[in-house]
Amino acid sequence: MIESLLVANRGEIARRIIRTAKRLGIRVIAVHSEADADLPFVAEADEAVLIGPPNPALSYRNTEAILAAAKSTGAQAIHPGYGFLSENAEFARTVEASGLIWVGPDADAITAMGDKINARNLMAAAGVPVAPGTTDPAADLDAAVTAAAEIGYPVMVKAAAGGGGMGMGVAVDEAALRTEYDKVRAFAERMFGDGSVLIERYFPRVRHVEVQILGLADGRVVALGERECSVQRRNQKLVEESPSPAVSPELRSRLLAAAVRAGEAVGYRNAGTVECLLDAATGEFFFLEMNTRLQVEHPVTEYVYGIDLVEEQLRVASGLAPTFDPDALTPSGHAIEMRINAEDPKRFLPGPGVIRTWVEPTGEGVRVDSGYTEGNTVTPFYDSLLAKLIVSGATRDEALDRAKAAVAAFQIEGPKNNVPFFAELLTNDEFLSGAYDTGIVSRMR
């Protein structure tokens with residue numbers, strides 16, 4: 001097993017990784033910006049290194065500073081968490097070239113799945129269903145218009161190098177396409193350094209369902225069930241649950257088999273997620289993208305399968321067998337995760353500030369993965385995620401009951417936060433029925 005680990009991230013995911021690593025007896029090094037010096041993850045690590053000012057480009061995305069911290073502290077491995085450098089193939093290559101262990105898929109897999117067009121083409125060749133769309137980037141606006149006419153409106157205009165729900169727009173006709181194409185292209189160039197754009201069919205009433213995969217040290221790829229991720233605002237997830245209320249045993253079998261084929265197609269190792277769009281009415285699903293990292297919502301899978309995904313990541317990176325029998329995976333119960341963000345619960349606009357009160361819910365089947373505590377300052381420099389509230393139960397109804405109680409008990413004063421939104425969602429008939437889709441939040445507003 002790895003003996004020392006540098007966590008190249010911050011907030012709740014840094015704390016989450018630190019917790020498992022310390023349980024396994026691994027020495028943990030945290031890196032942090034000046035803005036995060038007082039956050040819990042810094043204090044909980046065995047050692048902490050200041051790597052730069054608040055600007056992520058000068059700290060959490062600063063490859064040289066992170067590698068220098070690893071060298072000065074004698075770290076053996078680097079875990080990137082999610083976001084920042086987690087899906088940066090060049091960083092993964094540099095880490096390994098420096099003689100360190102990269103806790104994640106290899107750089108070739110990150111590269112292969114990082115470009116959405118290349119990923120679509122690879123998946124189609126592997127027999128994974130893909131939505132109608134372009135097989136090459138739309139080189140210019142005329143090419144985009146031609147492609148959309150062939151695919152049929154409405155279409156989704158997407159940044160080929162994008163991710164996390166960013167760099168996307170919907171066009172219902174040619175006039176809208178002309179506007180969205182320029183907007184997405186400019187955003188992609190600014191955010192990802194790559195203005196390539198793809199056009200694919202847009203499905204107005206679908207569900208967003210993903211499959212957790214794990215590429216083992218022996219070369220096998222296993223699927224650890226599916227997660228429902230259809231409660232979203234601005235194409236970014238707010239709630240995830242497992243199993244999906246929309247997935248039958250037969251559909252689950254097809255989904256998981258497709259996800260395993262996706263992983264095998266790129267020789268995948270470590271944790272990853274195959275995201276799909278699902279038409280629950282027809283049972284049709286289409287490959288959306290593959291996230292070559294640990295997902296924010298991994299805890300719901302941990303509850304349902306009774307495993308620690310971070311531990312499994314560390315075991316794969318160490319060349320060790322998993323803690324579970326890959327041939328006897330048996331899910332049990334139901335889990336729901338709610339992303340507690342520092343944002344207005346109505347319009348979902350960021351609301352940083354000093355946390356005056358922070359009281360986390362407790363009880364059977366309740367878990368809180370938090371990045372902050374009372375007295376901390378939520379700054380405007382990073383993602384608005386404060387914590388993840390995860391609940392589990394023997395059934396979906398039991399999990400929902402525990403979710404209602406936990407939301408009512410979660411007290412946060414200071415920054416704006418979306419806890420009231422979850423209180424509203426948990427009384428929404430559409431959500432409670434399980435028969436919801438990606439438009440549920442817009443219908444609530």
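# Close-up views of a predicted model

**View 1. The largest nonpolar core.** Of the 95 residues in this core, L6, I78 and V231 touch the most other members. Strand 19 (residues 385-393) gives the largest share of the core, 6 residues. Another core lies apart from it, with 27 residues, among them L251, L256, A259 and M290. The model shown here and in the other views is predicted. V231 deserves a second look. Beyond its neighbours within four places in sequence, V231 is in contact with Q236, K237, L238, V239, F421, L425, F431, Y436, I440 and V441.

**View 2. An open sheet of 5 strands with parallel pairing.** The strand order is 3-2-1-4-5. Strand 3 (47-52) and strand 5 (101-102) are the edge strands, and each pairs on one side only. Strand 2 (residues 27-33) and strand 3 are parallel and share 5 bridges. In this pair, A30 stands opposite A48 of strand 3. Two helices pack on this sheet. Helix 1 (residues 11-23) touches strand 1 (4-7), strand 2 and strand 4 (77-79). The direction of helix 1 makes about 175° with that of strand 1. Helix 3 (residues 63-73) touches strand 1, strand 2, strand 3 and strand 4. The direction of helix 3 makes about 150° with that of strand 3.

**View 3. An open sheet of 3 strands with antiparallel pairing.** Here the strand order is 7-6-8. Strand 7 (168-171) and strand 8 (197-201) each have a single partner strand, so one side of each has no neighbour in the sheet. On average, neighbouring strands of this sheet are turned by 25° against each other, direction ignored. Strand 6 (residues 155-159) and strand 7 run antiparallel and are joined by 4 bridges. V155 stands opposite A171 in strand 7. Strands of a sheet pair through backbone hydrogen bonds, either parallel or antiparallel.

**View 4. Helices 7 and 8 across the strands.** Helix 7 (residues 141-151) lies across strand 6 and strand 8. Helix 7 runs at about 15° to strand 8. Helix 8 (residues 174-192) lies across strand 6, strand 7 and strand 8. Helix 8 runs at about 20° to strand 6. Now find the loop between helix 7 and strand 6, where P154 sits. A cis peptide bond joins Y153 and P154, with omega about 0°.

**View 5. Strand 9, buried on both faces.** All 9 of the 9 residues of strand 9 (residues 207-215) are buried, so the strand is largely enclosed by the rest of the structure. One side carries R207, V209, V211, I213 and G215. The other side carries H208, E210, Q212 and L214. Strand 9 has antiparallel links to strand 12 (residues 270-279) through 9 bridges. There, V209 stands opposite C276. Strand 9 is also joined to strand 10 (residues 221-233), again antiparallel, by 6 bridges. In that pair, G215 stands opposite V221. Strands 9 and 10 form a hairpin with 5 residues between them. G219, in the turn, has a positive phi of about 100°.

**View 6. R233 and R234, side by side in sequence.** R233 belongs to strand 10. Is R233 buried or exposed? Its relative accessible area is 8%, under the 20% limit, so R233 counts as buried. Leaving aside neighbours within four places in sequence, R233 is in contact with L238, N341, E343, F348, S384 and V441. R233 and R347 are 114 residues apart in sequence, but their C-alpha atoms are 9.3 Å apart in space. R234 is in the loop between strand 10 and strand 11. At 46% relative accessibility, R234 is partly exposed. R234 is not a glycine, yet its phi is positive, about 50°.

**View 7. Two loops with unusual backbone features to locate.** F84 lies in the loop between strand 4 and helix 4 (89-97). Phi of F84 is near 45°, a positive value in a residue other than glycine. With a relative accessible area of 21%, F84 is partly exposed. P243 lies in the loop between strand 11 (236-242) and helix 9 (249-265). The peptide bond from S242 to P243 is cis, with omega near 0°.

**View 8. The cavity.** How many cavities of 30 Å³ or more does a search of the whole structure find? The search finds 1. The largest cavity holds about 40 Å³ of space. Its lining includes H79, P80, G81, W102, R293 and Q313.

Definitions and conventions. Residues are numbered from 1 along each chain as its sequence is written. This is a predicted model: local features need pLDDT of at least 70, side-chain atom pairs count only at pLDDT 80 or more; totals for chains, interfaces and linings use all residues. Side-chain values use heavy atoms; hydrogens and water are left out. Two strands pair if DSSP finds at least two bridges between them. Axes are lines fitted to C-alpha atoms, for helices over the stretch in contact, and angles run from 0 to 180 degrees between N-to-C directions. Contact means heavy atoms within 4.5 Å. A nonpolar core is a set of buried Ala, Val, Leu, Ile, Met, Phe, Trp, Tyr and Cys residues joined through side-chain atoms within 4.5 Å. Buried means under 20% relative accessible area, exposed over 50%, partly exposed in between (1.4 Å probe, protein chains only). On a 1 Å grid over the protein atoms alone, a cavity is a set of points where a 1.4 Å probe fits but cannot get out, and a pocket is an open set with protein on both sides within 12 Å along at least five of seven lines; lining residues have an atom within 4 Å of a point. Grid points are joined across faces, edges and corners, and a volume is the space filled by probe spheres set on the points.
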